[in-house]
Amino acid sequence: MIDMKDISTMELKDLKNGLKLAKDKRMELIVKLGELVHLQLLNQKLNHDELSEISLGIASQDRLIYRYGKQITNINAASQQCSKCMQQLGGNAKFCGNCGTLNPTYIDPNTVYKSCQSCSEEIHESALFCPCCGMKQGAL
Ligand SMILES: [Zn+2]
Ligand SMILES: [Zn+2]
């Protein structure tokens, strides 16, 4: 169900387009889930399997939205400009050399990453929840 096409080679406008489509699709599924719950409540019979299937669809859109967002951030980071004074930043500079503003895309080289147990996205080792799929990390 999840669209696994490689998004790392996509251009910014395609990424933004993809992000919008994924958000629309997610909204569509949310509405569908709401309708279904409503109908099932009216009939006083909840069909767990049917609901879970839509829920899984929403989760896969969430992952897609996360990956699009991350890729867009990466592309923006590659232009490396201070968000405050527009000064060019050096490669992976932590602070702007001109005004001292913290570079929000700075990546600490000491950061240790791990794979999410649920969606296998690369996340901070100390993360309690996956920022991509929202699953709690650690003991399952
Ligand atoms: Zn600056
Ligand atoms: Zn995850």
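Good morning. Let me begin with residues 82-134, whose end C-alpha atoms lie 30 Å apart. This span is 0% helix and 11% strand, where helices (H or I, at least four residues) and strands (E, at least two) are DSSP runs numbered from the N terminus. UniProt, in an unreviewed entry, places the feature "domain: DZANK-type" at these residues, 82-134. UniProt positions are given here in the numbering used for this model, feature names are shortened, and annotations may be inferred rather than shown by experiment.

Some conventions come next. This is a predicted model, in which local features need pLDDT of at least 70 and side-chain atom pairs count only at pLDDT 80 or more, while totals for chains, interfaces and linings use all residues. Residues are numbered from 1 along each chain as its sequence is written, and chains are lettered from A and ligands numbered from 1 in the order in which they are written.

Now to the chain as a whole. It holds 2 helices and 2 strands, and from the N terminus on the order is α-α-β-β. The radius of gyration is 19 Å, well over the 14 Å that the globule rule gives for 140 residues, so the chain is more spread out than a compact globule. That radius is taken over C-alpha atoms, and the globule rule is 2.2 Å times the number of residues to the power 0.38. Along its principal axes, the C-alpha trace spans about 65 × 35 × 25 Å.

How much of the chain is buried? Buried residues make up 10% of the 140 residues. A residue is called buried if 20 or more other C-beta atoms lie within 10 Å of its own, exposed if 12 or fewer, and partly exposed in between, with C-beta atoms placed from the backbone. As for contacts, two residues are in contact if their C-beta atoms, placed from the backbone, lie within 7 Å. Among contacts between residues at least 6 apart in sequence, 37% join residues at least 24 apart.

Let us turn to the helices. Helix α1 covers residues 12-42; at 1.5 Å a residue, its 31 residues should span 45 Å, and its end C-alpha atoms are indeed 45 Å apart. The expected span is 1.5 Å times one less than the number of residues. For α2, with 32 residues, the expected span is 46 Å and the end C-alpha atoms are 47 Å apart, which agrees.

Which residues of α1 are buried? They are L15, G18 and A22, and what covers the buried residues of α1 includes α2, residues 48-79. In α2, the buried residues are A59, S60, Q61, R63, L64, R67 and Y68, and their cover includes α1. As a general point, an α-helix has 3.6 residues a turn, so residues three or four places apart point the same way.

One residue of α2 deserves a closer look, namely Q61. With 23 C-beta neighbours inside 10 Å, Q61 counts as buried. Leaving aside residues up to four places away in sequence, Q61 touches A22, K25, R26 and L29. By contrast, Q61 and Q88 are 27 residues apart along the chain, and their C-alpha atoms are separated by 35 Å.

Next, the backbone in the loops. Most residues other than glycine have a negative phi. Q44, which follows α1, is not a glycine, yet has a positive phi of about 55°. Q44 is found in the loop between α1 and α2, and is exposed, with 6 other C-beta atoms within 10 Å. Just after α2, Q80 takes a positive phi of about 45°. M86, in the loop between α2 and β1, has a positive phi near 65° and is likewise a residue other than glycine. M86 is exposed, with 10 other C-beta atoms within 10 Å.

The loop between α2 and β1 also holds I107. Is I107 buried or exposed? With 10 C-beta neighbours inside 10 Å, I107 counts as exposed. I107 and L19 are 88 residues apart in sequence, and 24 Å apart in space, C-alpha to C-alpha.

Finally, strand β1 includes K114. K114 is partly exposed, with 14 other C-beta atoms within 10 Å. Not counting residues up to four places away in sequence, K114 touches I123 and E125. From K114 to A59 there are 55 residues in sequence and 20 Å in space, C-alpha to C-alpha. Thank you for your attention.
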